[in-house]
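Student: Hey, could you go through this structure with me? I'd like to ask about whatever catches my eye.

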Amino acid sequence: MHECLNHDFKYWKVKRFVPDYATYANVCDIIKENIGQLKELFIVAAVESGSPPDIRRIPFFKFCERTKLLDKKMTASIIDTYFKATNFEVVDMDQNDDQALCRFEFFEIMVRIARGKYVETGEDKNLANAFSVLLQRHILPAHSELMPWQQWR
């Protein structure tokens, strides 16, 4: 699993908007600590979107509604902007759909949402703390609501 994450961290653009290496490392550690649940949430959202292994825009908005990410400070238009920024490719990747989130983009957009929801509104000055709060308040509680599923044998 950690090899997959190292691959993901190589391609996401979080380094471009995280203020320092310590914060970046903390964000990566938070993902590593929660990878089991995050992976399952991603898989379920991708399957629900009808386009595995990616999550398309409308199913991602449904995911945001289900996890109660949307509010007066974090509107659908802001999330749409994050969706577009996350899908922008610095280096063209033929296998990466520009209208959907792959796994590393799913993680990246969560970090962007944490920054917008907590750091940019002044609720938290530290992005790693904000990301942890976002996971604990919104994302991980959705994991307990998932229908049990059976992994490939």
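Tutor: Gladly, and please keep in mind from the start that this is a predicted model. Let me begin with one residue, Lys13, which is buried because its relative accessible area is 8%, below the 20% limit.

Student: Okay, and what do the side chains of Glu108 and Lys13 do when they meet?

Tutor: They form a salt bridge, with 3.5 Å from N to O. The pair joins distant parts of the chain, since Glu108 sits in helix α6 (residues 103-119) while Lys13 lies in the loop between α1 (2-11) and α2 (21-33), and the two are 95 residues apart.

Student: Is Glu108 buried or exposed?

Tutor: Glu108 counts as buried, because its relative accessibility is 0%.

Student: What other salt bridge does Glu108 make, with Arg112 in mind?

Tutor: The side chains of Arg112 and Glu108 also meet in a salt bridge, at 2.8 Å from N to O. Both residues belong to helix α6, where they are four residues apart, or about one turn of the helix. Arg112 is buried as well, with a relative accessible area of 9%.

Student: What does Arg112 touch, not counting residues up to four places away in sequence?

Tutor: With those set aside, Arg112 touches Lys13, Phe17, Tyr82, Ala85 and Thr86.

Student: How many salt bridges are there by the count?

Tutor: The count comes to nine salt bridges. One of them joins Arg115 and Glu120, whose closest N and O atoms are 3.3 Å apart. In that pair Arg115 is buried, at a relative accessible area of 18%, whereas Glu120 counts as exposed, at 52% relative accessibility. As for the residues we talked about before, Lys13, Glu108 and Arg112 are joined into one network by salt bridges that share partners.

Student: New topic, then: how many disulfides are there?

Tutor: The count of disulfides comes to zero. As for cysteines, Cys28 is buried, with a relative accessible area of 6%, and Cys102 is buried too, with a relative accessible area of 13%.

Student: Can we zoom out a bit? How many helices and strands does the protein chain have?

Tutor: The protein chain has seven helices and two strands. If you follow the elements from the N terminus on, they run α-α-α-β-α-α-β-α-α.

Student: And what percentage of the residues count as buried?

Tutor: Of the 153 residues in the protein chain, 48% count as buried. You may also like to look at the contacts with a separation of 6 or more, because that is another way to read the chain as a whole: residues 24 or more positions apart account for 60% of them.

Student: How do α1 and α6 cross?

Tutor: It helps to know that two packed helices are described by the angle between their axes and the distance between the axes. The axes of α1 and α6 come within 9 Å and cross at roughly 65°, which means that α1 is roughly perpendicular to α6. The crossing of these two helices is right-handed.

Student: Which residues make that contact?

Tutor: On the side of α1 they are Cys4, Leu5, Asp8 and Tyr11, and on the side of α6 they are Arg103, Phe104 and Phe107.

Student: Something else: where is Ser51?

Tutor: Ser51 is placed in the loop between α3 (35-49) and β1 (55-56), and at 18% relative accessibility Ser51 counts as buried. Leaving aside neighbours within four places in sequence, Ser51 is in contact with Ala46 and Arg56.

Student: How far apart are Ser51 and Ala100?

Tutor: In sequence Ser51 and Ala100 are 49 residues apart, while in space they are 8.8 Å apart, taken from C-alpha to C-alpha.

Student: Last one: what is phi of Lys68 like?

Tutor: Phi of Lys68 is near 60°, which is a positive value in a residue other than glycine. For background, most residues other than glycine have a negative phi. Lys68 is found in the loop between α4 (57-66) and α5 (76-87), and at 60% relative accessibility Lys68 counts as exposed.

How values were computed. Residues numbered from 1 in each chain as written. Predicted model: local features only at pLDDT ≥ 70, side-chain atom pairs only at ≥ 80, totals over all residues. Heavy atoms only, no water. Disulfide = S-S within 2.5 Å. Buried < 20%, exposed > 50% of the residue type's maximum accessible area, 1.4 Å probe, protein only. Salt bridge = Lys/Arg side-chain N within 4 Å of Asp/Glu carboxyl O. Axes fitted to C-alpha atoms, helices over the stretch in contact; angles between N-to-C directions. Parallel < 35°, antiparallel > 145°, perpendicular 65-115°, else oblique. Left-handed = near helix turned anticlockwise from the far one by under 90°. Contact = heavy atoms within 4.5 Å.
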